[in-house]
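Work through the following exercises with the sequence and the model side by side. Each task is followed by a solution that goes step by step.

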Amino acid sequence: MTHMAPVILEQAPLLSVRPPETVSMRTRDGLRLDADVYRPDAVGPWPVLLLRLACGRRTAMTSHYAHPRWYAARGYVVVVQDVRGRGTSEGRFRPFEAEREDGADAVAWAASLPGSNGTVGMYGSGYAGMAQLLALAERPAALRAVVPALAGWDVFTDWATEGGAFRLADAMGWALHCAAESARRLEDGAAYRALLEATRVLPLDDEIPSRPRVLRDYARHCHYDDWLTTPGPGGSWDDLSPRRALSGGAGDVAVLHIGGWYDPRLTGTLEAHEALSGDGGTVRLLVGPWDRHGAVAPAGTLLGTGGPAPYDVPSFDALQLGWFERFLKGEMNGAERGGPIRLFDVLEHRWRDLPALPPPAHPLHLSSDGLAKRRGGGSLRDGAPEEEFLDVLVHDPRNPVPTVGGHAVPDAGPRDRAAVDARPDVAVYDTAPLTAPLTLSGPAVLEVWVEADAPSFDISAVLSAVLPDGRVLPLTQGHARVEPGGEQRPLPVALRALCATLPTGSALRLSLAGSCFPAYPINPGTGAEPGETRLVDAQPITLLIHGGGARPSRLLLPGGG
C-alpha cells in the first residue's frame, strides 16, 4: 500500500488585508464581468487565487470555504468573480456554455492585476469546480494549479441524469435557484417570490411532477426545459462538458480532485481523475465523507454507538492551501508526494491510500426462497444457486419507495434505511454475518435478470452495511431506467465507488426496488418522457427478479484497500 504524505504547513505571520475592491474585465466577445479583489496589505507580489461563481460573488462561497480574507492574510491576491449572467456581470447565464473561454480570459486578466506575481490557482465546488476544468481546457499560460471539488466530468451523466433517469430533485432544485437569480437580476418580483418559495419546498406533487407549473410559467428564466428534453448522451451535451474539452489532458497544471461519498457527482470526479492522470502531470484524488454542500457526515451516524467518534477530516481550505503553497509558492511541503488516491473509510473513520481503484471482480450471487421482500427470504452467497428462483415486486406509483440516504438528493448522507427495507415493495438480499472484517474499496456492479409487465421500468439498487446494532447504512447505490425495447439480459446496474470496512458480526445487504423518489421521477411504465407524464398517468408495475440456474443474478464487488 502506498501512502500519501501528510502536508505540513508552518504557520507564517498573518498579513493585514486591504478592504475589497470591485474591478471588472472584458471577455473576448466584449462582455463585462465583475469581481471582488482581496489583497494583502503588504509588499508583494503574490500568487492569485481565482474563484468564479454562479451563486453570486458576494457570498464568496463561504458555505464551503473560508472567506477570501483568510487566504489573502496568508499571502494571496484573491479574486471572486461573477460568471457571465450572474451577480452584476453582463450577459445571459446558460450553464457551462461560456466557462471555457470566459475562464481562460479571467485567468489571464487575474494574472495581470496589480500585486500579482503572474501565477494563478483556481478553486471552487460544484459549478465552480466544473468552471475550473473548463478553463483548464484552454491551457491559459498563467494557470498553475486547480482544486475542483464535488465537480463532475460530464454534464449529461453527472448533472442531468443517472442510469438513464433524470436527476429530478437535484436538477429541479438547482434550476429553481438559477431561475430565482435570473428573476432577481431582471427585478421580476412576482417570479422571484414564486421561485424562491419553490426552492424551499420542491413542487413535486404538481400535476406534472417533473415539470411543475412554477417552472413552466417562468421557463424563460432558466435552462430546466432544455435539460429535461434534450436527448443524450453526446450531441450538445458534449459541448458543455470537461470530459470532451479536456481530452488532451491537464498539461503541466497540478490538479487536486476532491470528491464526496454523499455527493451526486462523485462518479464524474473519479472519471476526471482517471482521465487526467494519464498524461504524466501531478494529479491527486481525495474522497471524504462530504455531501454536495461540503458538509461532513456526523461521526455519530457512522460506525459506533457511543456517541460521535473523533476522526480526521481536513477542511477544503486546509487541503487546498497546502496544494497552492506547493505549486504557486514553491514550498516543499510534500503535497506532491505519495499515492495518487486517498479514500476515507466511512465505517472505520480512517484514510486509505491506493494506487488505483480496483475493478468490480468478486461475485456474490442472489439467492431467494421467493420471498426476498421479507427478512431472511433473500441472501447473497459466493456460489450461484443451481435452482432458479423468482421474486416478484409491485411498484405502486401512489406510494413510491422513497429516497433515503446515500448520494441521492434530497436526503443524501448515511441515513438509516432499515424502515425502507422493511417495505413490501423492496427485495432484500443479505450475506451471512461476517466472521472477520471486510474492506471494500472501489466501484461495484449489479447484473440482474429482471423483466416487467410494462414497456418501461426502473430498478433502484442500494448496497448497505447491516451493523450489529441494527442500523442499515447505505454504502453505495445505482439506478437504471429501462426504456421500451431497451431490455438487457442480465441488466447491468452500475453502483458508485465505496470505501468501507465492515466489522465482524455485520452483513452486506442489497436492496432492490422499482423507484427512488424524488431523486428520480416515478416511471409511469408507458415510456413517456418525464416532462410529459402527468401524476395521473403512472400505473403500477410488476417486476420479476430472476436468479440461479440459467439466469444467475449477481453482485460484483471491488477488492480491499
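The exercises below deal with cores, a helix pair, an enclosed helix and local backbone features.

The model is predicted, so that local features need pLDDT of at least 70 and side-chain atom pairs count only at pLDDT 80 or more, whereas totals for chains, interfaces and linings use all residues. Residues are numbered from 1 along each chain as its sequence is written, and side-chain values use heavy atoms, with hydrogens and water left out.

**Exercise 1. The nonpolar cores**

Task: Determine which residues of the largest nonpolar core touch the most other members, and which strand gives the largest share of this core.

Solution: Begin with the term: a nonpolar core is a set of buried Ala, Val, Leu, Ile, Met, Phe, Trp, Tyr and Cys residues joined through side-chain atoms within 4.5 Å, where buried means under 20% relative accessible area, exposed over 50% and partly exposed in between, with a 1.4 Å probe and protein chains only. The largest core has 87 residues, and those that touch the most other members are Trp261, Tyr429, Leu446, Leu475, Val493 and Leu512. Strand β20 (residues 491–502) supplies the largest share of this core, eight residues; helices (H or I, at least four residues) and strands (E, at least two) are DSSP runs numbered from the N terminus. Next take Leu446, whose contacts (heavy atoms within 4.5 Å) include Leu366, Ala461, Val493, Leu512 and Arg554, not counting residues up to four places away in sequence. A second, separate core of 73 residues includes Leu33, Ala35, Leu134 and Trp227.

**Exercise 2. The pair α5 and α6**

Task: Describe how the axes of α5 and α6 cross, and state which residues make the contact.

Solution: First, fit the axes as lines to C-alpha atoms, for helices over the stretch in contact, with angles that run from 0 to 180 degrees between N-to-C directions. The axes of α5 (residues 168–185) and α6 (residues 189–200) come within 8 Å and cross at roughly 160 degrees. The two helices are therefore roughly antiparallel to each other, a label given to angles over 145 degrees. On the α5 side the contact is made by Leu176, His177, Ala179, Ala180, Ala183 and Arg184, and on the α6 side by Ala191, Tyr192, Leu195, Leu196, Ala198 and Thr199.

**Exercise 3. An enclosed helix**

Task: Find how many residues of helix α3 are buried.

Solution: In α3 (residues 127–136), 10 of the 10 residues are buried, so this helix is largely enclosed by the rest of the structure. Among the buried residues are Tyr127, Gly129, Gln132 and Leu136.

**Exercise 4. Backbone exceptions**

Task: Locate the cis peptide bonds that precede Pro45 and Pro518, and decide whether Met61 and Glu187 are buried or exposed.

Solution: Start from the general expectation that most residues other than glycine have a negative phi and that most peptide bonds are trans. A cis bond joins Gly44 and Pro45, with omega about 0 degrees, and Pro45 lies in the loop between β2 (32–38) and β3 (46–53). The bond from Phe517 to Pro518 is also cis, with omega near 15 degrees, and Pro518 lies in the loop between β21 (507–513) and β22 (541–547). Turning to phi, Met61 has a positive value near 50 degrees; this residue is in the loop between β3 and α1 (68–72) and counts as buried at 9% relative accessibility. Glu187, with a positive phi of about 60 degrees, is placed in the loop between α5 and α6 and counts as exposed at 73% relative accessibility.

Key
Angles under 35 degrees count as roughly parallel, over 145 as roughly antiparallel, 65 to 115 as roughly perpendicular and the rest as oblique.
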